[in-house]
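Where does this protein leave room, and what fills it? The report below covers the bound ligand, the pockets and the enclosed space.

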Amino acid sequence: MSHDFDATRLSLLLNDLRLPAVKQIWPAFAERADKEGWPAARLIMALAEHEIAERDRRRIERHLKEARLLPGKTLETFDFDAVPMISKAQVSALCAGDGWLRNGANLIMVGTPGGGKSHLSSAIGLSLLDKGWKVLFTRTSDLVQRLQVARRELALEAAINRLNRFDLLILDDFAYVTKDQAETSVLFELISARYECRSLLLTANQPFGDWNKVFPDPAMTLAAVDRLVHHSTIFEMNVESYRRRTAMQRKQQGPGRPARYATPNNVGMPATPENES
Ligand code: ADP
Ligand code: MG
């Protein structure tokens with residue numbers, strides 16, 4: 001390919017303009033344009049579109065790193081037959097994001113351990129992230145610890161504000177935090193700060209009635225639950241542990257058979273002591 005101009009200088013200019021994708025692709029596009037006789041406007045358009053597409057890809061890659069989602073937990077690997085009370089259509093609608101994340105509404109998943117709450121919440125997070133929303137997945141106890149450290153350093157407000165850049169904060173195992181292991185009023189401050197402006201997705205093994213273990217006093221529990229459920233979708237996922245069920249299925253089918261279970265005939269069974277989280 002011959003160019004009657006200074007290609008090195010063009011590279012430097014594209015660096016200055018912060019157009020790394022154009023810098024990388026232009027020789028190939030230019031060669032093709034020359035060969036196929038593209039009008040100049042088409043070449044410019046192709047280069048601009050390429051830069052934008054690469055920018056989007058890099059942004060999503062960056063967001064994915066930040067989001068700390070659970071690896072391998074996607075909607076494709078989630079078996080909706082195992083939670084018949086949840087409609088795939090409703091989950092797909094939530095995955096668009098616009099209807100609830102713009103208003104700071106919440107999604108709350110409550111149910112027995114092993115029922116797929118962490119999996120589904122991370123999968124929804126991934127789907128939202130693909131659409132350009134910013135998401136953070138965290139165990140609630142880890143976040144509480146971080147916020148407590150911030151409070152000791154008199155930087156709680158700043159820490160909560162930093163979380164504002166996330167359109168959705170997924171607090172996994174919400175009711176697992178207990179007031180004796182942590183001073184959880186930081187959670188209350190987080191909930192209040194996000195109320196009606198930034199969304200939360202909570203997962204919890206315990207129903208709302210047991211959340212008084214989470215907050216320092218009943219008044220705070222009431223106020224927190226009130227804010228959380230005010231604009232919220234609630235998924236009750238009281239199903240038998242998926243792990244337990246697939247293990248039982250494997251046992252029934254014998255070794256060497258596919259692990260996939262057949263018909264869910266014990267959905268809705270009450271939790272058993274063997275159900276571990
Ligand atoms: P929970 O958070 O409700 O305790 P998890 O999401 O951790 O449950 O699920 C336990 C395990 O079972 C995980 O490995 C998860 O991927 C798997 N699992 C649970 N429900 C489903 C499902 N409906 N389809 C596919 N895998 C599931
Ligand atoms: Mg879980």
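A cavity is a set of grid points where a 1.4 Å probe fits but cannot get out, and its lining residues have an atom within 4 Å of a point. The model examined here is predicted.

## The enclosed space

The count comes to one cavity of 30 Å³ or more. The largest cavity holds about 40 Å³ of space. Two elements, α9 (185-194) and α10 (218-230), each give two or more residues to its lining. Which residues line the largest cavity? They are G104, N106, I191, R194, Y195, E196, R198, L200, R227 and L228. By class, this lining divides into four nonpolar, two polar and four charged residues.

## The two pockets

The largest pocket has a volume of about 520 Å³. Its lining comprises 24 residues. Nearest the centre of this pocket lie G114, G116, S118, H119 and R243. Both α6 and α11 supply at least two lining residues. The top contributor is α6, which gives three residues to the lining of the largest pocket.

The second largest pocket contains about 240 Å³ of space. Here 14 residues form the lining. R146, A159, R162, L163 and R165 lie nearest the centre of the second largest pocket. At least two lining residues come from each of α7 (140-152) and α8 (156-162). The most come from α7, with four residues.

The linings can be set out by residue class.

| Lining | Nonpolar | Polar | Charged |
|---|---|---|---|
| Largest pocket | seven residues | nine residues | eight residues |
| Second largest pocket | eight residues | no residues | six residues |
| Largest cavity | four residues | two residues | four residues |

The lining of the second largest pocket has no polar residues. The lining of the largest pocket has nine.

## The ligand site

Where does ligand 1 sit? Ligand 1 occupies the largest pocket. The elements that give two or more residues to the shell around ligand 1 are α6 (117-130) and α11 (242-253). Of the elements, α6 gives the most to this shell, with three residues. Helix α6 also gives the most to the lining of the pocket itself, again with three residues.

How many residues surround ligand 1? The shell holds 15 residues. The closest are D79, G114, K117, S118 and H119. G114, S118 and H119 are also among the residues nearest the centre of the largest pocket. By class, the shell has four nonpolar, seven polar and four charged residues.

Three side chains make polar contacts with oxygen atoms of the ligand. A polar side-chain atom of K117 lies 2.7 Å from an oxygen atom of ligand 1. For S118, an N or O atom of the side chain is 2.8 Å from a ligand oxygen. For K73, an N or O atom of the side chain is 2.9 Å from an oxygen atom of ligand 1. On its own, ligand 1 has 540 Å² of accessible area, and the protein covers 86% of that area.

## In brief

Ligand 1 sits in the largest pocket, a space of about 520 Å³. K73, K117 and S118 each place a polar side-chain atom by a ligand oxygen. The second largest pocket, of about 240 Å³, draws the most lining residues from α7. The largest cavity, of about 40 Å³, takes two or more lining residues from each of α9 and α10.

Notes
Residues numbered from 1 in each chain as written. Chains lettered and ligands numbered in written order. Predicted model: local features only at pLDDT ≥ 70, side-chain atom pairs only at ≥ 80, totals over all residues. Heavy atoms only, no water. Near = heavy atom within 4 Å. Polar contact = N/O pair within 3.5 Å; in protein donor to acceptor, adjacent residues only side chain to side chain. Areas by Shrake-Rupley, 256 points an atom, 1.4 Å probe, with all protein chains shown as cover. 1 Å grid on protein atoms, 1.4 Å probe; cavity = no way out; pocket = protein on both sides within 12 Å on 5 of 7 lines; lining within 4 Å. Sits in = over half its atoms within 2 Å of the grid points. Nonpolar A, V, L, I, M, F, W, Y, C, P; charged D, E, K, R; others polar. Points joined across faces, edges and corners; volume = space filled by probe spheres on them.
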